[in-house]
Amino acid sequence: MNIFDYPSSRKVHTLPTPRLGGIAIFLSFCLSLCFYFIVSTQWHFNKDPFTFLESKTFLLQLAFYFIGALIILIVGMLDDIKMIDYRLKLISQILSAMIIVLSSARFHFFSHEVLNILLSVFWIVGLTNSLNLLDNMNGLACGLTIIILGFFAALAYFTDHAPLALFLAIPIGSLLGFLPYNFPKAKIFLGDGGSLFLGFSLAASSIWLFEHLIRHQVNILTASSCLLLLASIPILDTLTVVIIRIKNRQPIYVGDTNHLSHQLVRTGLSATTAVMILYACTFVTGAISFIYILN
């Protein structure tokens, strides 16, 4: 269908590359998720430590998440095929974030529920776009998402939320299958559909994990610090490029080569080395969060 990501002055690849890799990840994710639903609904018959009501509530949240993720993927793919207005993308992200919030998954920082809803929507939309912006070098967004979701899953498992830990294994498996084809030099890209889907999945998972940690008697400050540490590389990358674009009086939605990975390459490192350094930084922040919570 001639849907390629073509080289340009603001991109580092040199050959036209297929850009609908998000479809492969999403389809494998959906097939495994169907199996997950079948298994999860049987847990209450096997003396699971979680009550059936809790499992049922989480399954309902997953159903809402799937609707939001589908919207994100479709709009992202449309942008991959034919560039669409950034405002339409933003509206779709807000809508998807509201769907997550309506499933009762949200932060609980304030006494006024409206403020909690606004904060949750801002976090989901922000992290969704952070992963989209971070997808600027082969294997970077895919690998970082694997690491972050891996720590999410470990935290969920070791604080007694097996359903969430098992659910997070699904996108991790999909991404591990995709990464060899996306690593430098990539044969296929995530595209906006894939990177937005990953960001949305990270955001939703982080809220579920936050809610669980609070129920697990972890105080709000500790749980918040954990999420910020785990997402620190995507957040820092986004803040960096936004500040630079504002300083240069450029639209913040127009891409450039001022991301953390690009700046590492400009120091003389290879693209692969730059990606591995950011992997390592993410692993370190994840390990700190893991130790911080469990101790």
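How many helices and strands does the chain have? In this predicted model, 11 helices and two strands were assigned to the chain. Read from the N terminus, the elements follow the order β-β-α-α-α-α-α-α-α-α-α-α-α, with both strands preceding the helices. For the 295 residues, the globule rule gives 19 Å, and the radius of gyration of the chain is close to this value at 19 Å, so the chain is as compact as a globular protein of that length. Along the principal axes, the C-alpha atoms occupy a box of roughly 55 × 40 × 35 Å.

Confidence was assessed by pLDDT, for which the chain average is 88; a score of at least 70 is reached by 92% of the residues. Among the secondary-structure elements, helix α5 (residues 140–158) has the highest mean, at 96, whereas strand β1 (residues 4–5) has the lowest, at 78. The pLDDT falls below 50 over residues 45–53, and this stretch makes seven contacts in the model beyond near neighbours in sequence.

Packing and surface composition were then examined. Of the 295 residues in the chain, 49% are buried. Among contacts with a separation of 6 or more, 72% join residues 24 or more positions apart. The accessible surface of the chain amounts to about 14,200 Å², and carbon and sulfur atoms contribute 71% of this area. With regard to charge, the chain carries 16 positive and 13 negative side chains; the centres of these two sets are separated by 7 Å.

Terms used:
Residues numbered from 1 in each chain as written. Predicted model: local features only at pLDDT ≥ 70, side-chain atom pairs only at ≥ 80, totals over all residues. Heavy atoms only, no water. pLDDT = per-residue confidence, 0-100. Helix = DSSP H or I, 4+ residues; strand = E, 2+ residues; numbered from the N terminus. Contact = heavy atoms within 4.5 Å. Rg over C-alpha atoms; globule rule 2.2 N^0.38 Å. Buried < 20%, exposed > 50% of the residue type's maximum accessible area, 1.4 Å probe, protein only. Areas by Shrake-Rupley, 256 points an atom, 1.4 Å probe, with all protein chains shown as cover. Lys, Arg positive; Asp, Glu negative; His and termini not counted. Charge placed at Lys NZ, Arg CZ, Asp CG, Glu CD.
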